[in-house]
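Subject: Structure handover, with notes on side-chain contacts

Hi there,

Here is the structure I promised to pass on to you. Please open it alongside this email, and my notes will follow just below.

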Amino acid sequence: MTRPATDQVWKWLAEVPDPEIPAISLVDLGIIRDVAWQGDTLTVTITPTYSGCPATSVIAMDVEAALRAHGIEKLELKRQLSPAWTTDWLTEQGRAKLEAYGIAPPQPAGGPSRCPQCQSTNLERISQFGSTPCKATWRCRDCLEPFDYFKCI
Ligand SMILES: [Zn+2]
């Protein structure tokens, strides 16, 4: 059996969308921690965004389906809870994609830095909980558009 290079595997994983925010991939999200061959078994280490995230099992199934579709037969998914995922692991590309999609990327201060529509900083929080547990709903006081803020930390 041929073993695709891990670089190739990373490229495949970069095509797997996050189930909650399909605009970004699992690699953009920063939750794929490691890809390695152990003999003829491919090991993929995943750190969930937070332990109670309902998307975690979906993510594992999506990763498995994607790699099987590329001919990986022996696959082991490892779940690594420590160190815990933080929003710092989002790639620059992931942050840019989030904003282009209309979701304010996470900030260390715990709130969005600007409106993803008009870049205004005149913002207010509408709800702690948005369309998924990972998001809060904010609104821009200038363009009056509500938007999601990615708050999962
Ligand atoms: Zn705005």
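The notes below cover aromatic pairs, a charge over a ring, and salt bridges.

Please keep in mind that this is a predicted model.

Let me start with the aromatic side chains. Searching the whole structure turned up two aromatic pairs. One of them joins Trp138 and Tyr149: the ring centres are 6.3 Å apart and the planes stand at 70 degrees, so this is an edge-to-face pair. Trp138 belongs to strand S6 (residues 135-140) and Tyr149 to strand S7 (residues 146-150), so the contact ties together parts that are 11 residues apart in sequence. Both Trp138 and Tyr149 are buried.

Another ring worth a look is that of Trp89. The charged end of Arg33 sits over this ring, 3.6 Å from its centre.

Now for the salt bridges, of which the count is seven. Here are some of them.

Lys74 and Asp40 meet through their side chains, with an N to O distance of 3.1 Å. Lys74 is in the loop between helix H3 (56-69) and strand S3 (75-79), while Asp40 is in the loop between strand S1 (32-38) and strand S2 (41-46), so this salt bridge ties together parts that are 34 residues apart in sequence. As for exposure, Lys74 has a relative accessibility of 42% and counts as partly exposed. Asp40 is partly exposed too, at 35%.

Within helix H3, you will find a salt bridge between Arg68 and Glu64, whose closest N and O atoms are 3.1 Å apart. These residues are four apart in the helix, so about one helical turn separates Arg68 from Glu64. Arg68 is partly exposed, with a relative accessible area of 37%, and Glu64 is partly exposed at 32%.

Glu99 and Arg114 also form a salt bridge, at 2.8 Å from N to O. This one links distant parts of the chain, 15 residues apart: Glu99 is in helix H4 (residues 92-100), and Arg114 is in the loop between strand S4 (103-104) and strand S5 (123-127). The partners differ in exposure, because Glu99 is buried at 16% relative accessible area, whereas Arg114 is partly exposed at 35%.

Finally, have a look at Glu124, Arg139 and Arg141, which are linked in a network of salt bridges.

Happy browsing, and do write back with any questions.

Best wishes

Key
Residues are numbered from 1 along each chain as its sequence is written. This is a predicted model: local features need pLDDT of at least 70, side-chain atom pairs count only at pLDDT 80 or more; totals for chains, interfaces and linings use all residues. Side-chain values use heavy atoms; hydrogens and water are left out. Rings of Phe, Tyr and Trp (its six-membered ring) pair if their centres lie within 6.5 Å; planes under 30 degrees apart count as stacked, over 60 as edge-to-face and the rest as tilted. Helices (H or I, at least four residues) and strands (E, at least two) are DSSP runs, numbered from the N terminus. Buried means under 20% relative accessible area, exposed over 50%, partly exposed in between (1.4 Å probe, protein chains only). A charge sits over a ring if NZ of Lys or CZ of Arg is within 6 Å of the ring centre and within 35 degrees of the ring normal. A salt bridge is a side-chain nitrogen of Lys or Arg within 4 Å of a carboxyl oxygen of Asp or Glu.
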